[in-house]
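Here's a quick walk through this protein chain, from the overall fold down to a few individual residues. Keep the viewer open as you read.

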Amino acid sequence: MFSKEESRLLRQEFWTSFGKSFPRKWILYDTKIKGFSFKFHFDTKKALVALDLEDDLENRINYWEKLLSMRSILEDDYISNLIFEEEYYLENGKEISRIFIPLDKKVSIHNKNSWQDTMEFFNEYMSKFEAFFEDYKEIIKN
């Protein structure tokens, strides 16, 4: 078991190491679309890369429908095996819509032996999500 402080330091070390191993500016929240963001998630049980829709329900539905209409492009040309969840609940209970791909290995941010696999997974799949976004952002925005 790790104390809260030990866990915080491990998390900080992971993200610092990730930034040094893959030094680039990720889009993440800087999509210029309200409530439309990309996320890395890594905890003690899993890792995933996600596209989250968190705006008000009307805008969420609008973007969700656009993304669903482009699903075959996204899956055929960028990332296969994506999970589409129109109603996804975060740990805090907030409902969002999420398209994501989980790392299919058992990993933990507390286990440094799983860090390299997670970093490579993050780099590969976030790069693919961002490529899709760059290629289709005008369609998504309008």
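## The chain as a whole

In the protein chain, 62% of the contacts with a separation of 6 or more are between residues 24 or more positions apart. Keep in mind that this is a predicted model. The secondary structure adds up to 4 helices and 4 strands, and going along the sequence they follow the pattern α-β-β-α-α-β-β-α.

How do the overall dimensions look? The C-alpha atoms fill a box of roughly 45 × 30 × 25 Å along the principal axes. The radius of gyration is 16 Å, which agrees with the value near 14 Å that a compact globule of 142 residues would have. As for what's tucked away, 42% of the 142 residues count as buried.

## Helix 1 against helix 4

Let's start with helix 1 (4-21) and its packing on helix 4 (residues 115-141). The axes of helix 1 and helix 4 come within 11 Å and cross at roughly 55 degrees. That angle is neither under 35 degrees nor in the 65 to 115 range, so helix 1 is oblique to helix 4. The crossing is right-handed.

Which residues make the contact? From helix 1 you have L10, E13, F14, W15, S17, F18 and S21, and from helix 4 there are W115, T118, M119, F122 and N123. Sorted by type, the residues of this contact come to 7 nonpolar, 4 polar and 1 charged.

## Helix 2 against helix 4

Helix 4 also meets helix 2 (residues 57-69), with axes that come within 11 Å and cross at roughly 125 degrees. Since 125 degrees falls between the perpendicular range, which ends at 115, and the antiparallel cut-off of 145, helix 2 and helix 4 are oblique to each other. This crossing is right-handed.

Here the contact is made by Y63, K66 and L67 on the helix 2 side, and by F132, I139, I140 and K141 on the helix 4 side. Those residues divide into 5 nonpolar, no polar and 2 charged.

## Two positive phi values in a loop

Now for the loop between helix 1 and strand 1 (36-42), where you'll find L28. Phi of L28 is near 45 degrees, a positive value in a residue other than glycine. Is L28 buried or exposed? It lands in between: with 23% relative accessibility, L28 counts as partly exposed.

K32 sits in the loop between helix 1 and strand 1 as well. Phi of K32 is near 65 degrees, again positive in a residue other than glycine. The relative accessible area of K32 is 64%, and the cut-off for exposed is over 50%, so K32 counts as exposed.

## S127 on helix 4

Go back to helix 4 and look for S127. S127 has 27% relative accessibility, so it counts as partly exposed. What does S127 touch, leaving aside its neighbours within four places in sequence? Its contacts are R24, W26 and F122. F122 also turns up in the contact between helix 1 and helix 4.

For a sense of how the fold brings distant parts of the sequence together, try P23: it is 104 residues from S127 in sequence, while their C-alpha atoms are 12 Å apart in space.

## The end of the chain

K141 is in helix 4 and is one of the residues that helix 4 brings to its contact with helix 2. Not counting residues up to four places away in sequence, K141 touches T31, K32, I33, Y63 and K66. That list includes K32, the exposed loop residue with the positive phi. K141 itself counts as partly exposed because its relative accessibility is 31%. The C-alpha atoms of K141 and L68 are separated by 14 Å, with their positions 73 residues apart along the chain.

Last stop: N142, in the segment after helix 4. At 67% relative accessibility, N142 counts as exposed. Where does N142 lie relative to Y63? The two are 79 residues apart along the chain, and their C-alpha atoms are separated by 9.6 Å. Y63 is also among the residues that helix 2 brings to its contact with helix 4, and it's on the list of residues that K141 touches.

Methods. Residues are numbered from 1 along each chain as its sequence is written. This is a predicted model: local features need pLDDT of at least 70, side-chain atom pairs count only at pLDDT 80 or more; totals for chains, interfaces and linings use all residues. Side-chain values use heavy atoms; hydrogens and water are left out. Axes are lines fitted to C-alpha atoms, for helices over the stretch in contact, and angles run from 0 to 180 degrees between N-to-C directions. A crossing is left-handed if the near helix is turned anticlockwise from the far one by less than a right angle, and right-handed if clockwise. Contact means heavy atoms within 4.5 Å. Ala, Val, Leu, Ile, Met, Phe, Trp, Tyr, Cys and Pro count as nonpolar, Asp, Glu, Lys and Arg as charged, and the others, Gly among them, as polar. The radius of gyration is taken over C-alpha atoms; the globule rule is 2.2 Å times the number of residues to the power 0.38. Buried means under 20% relative accessible area, exposed over 50%, partly exposed in between (1.4 Å probe, protein chains only).
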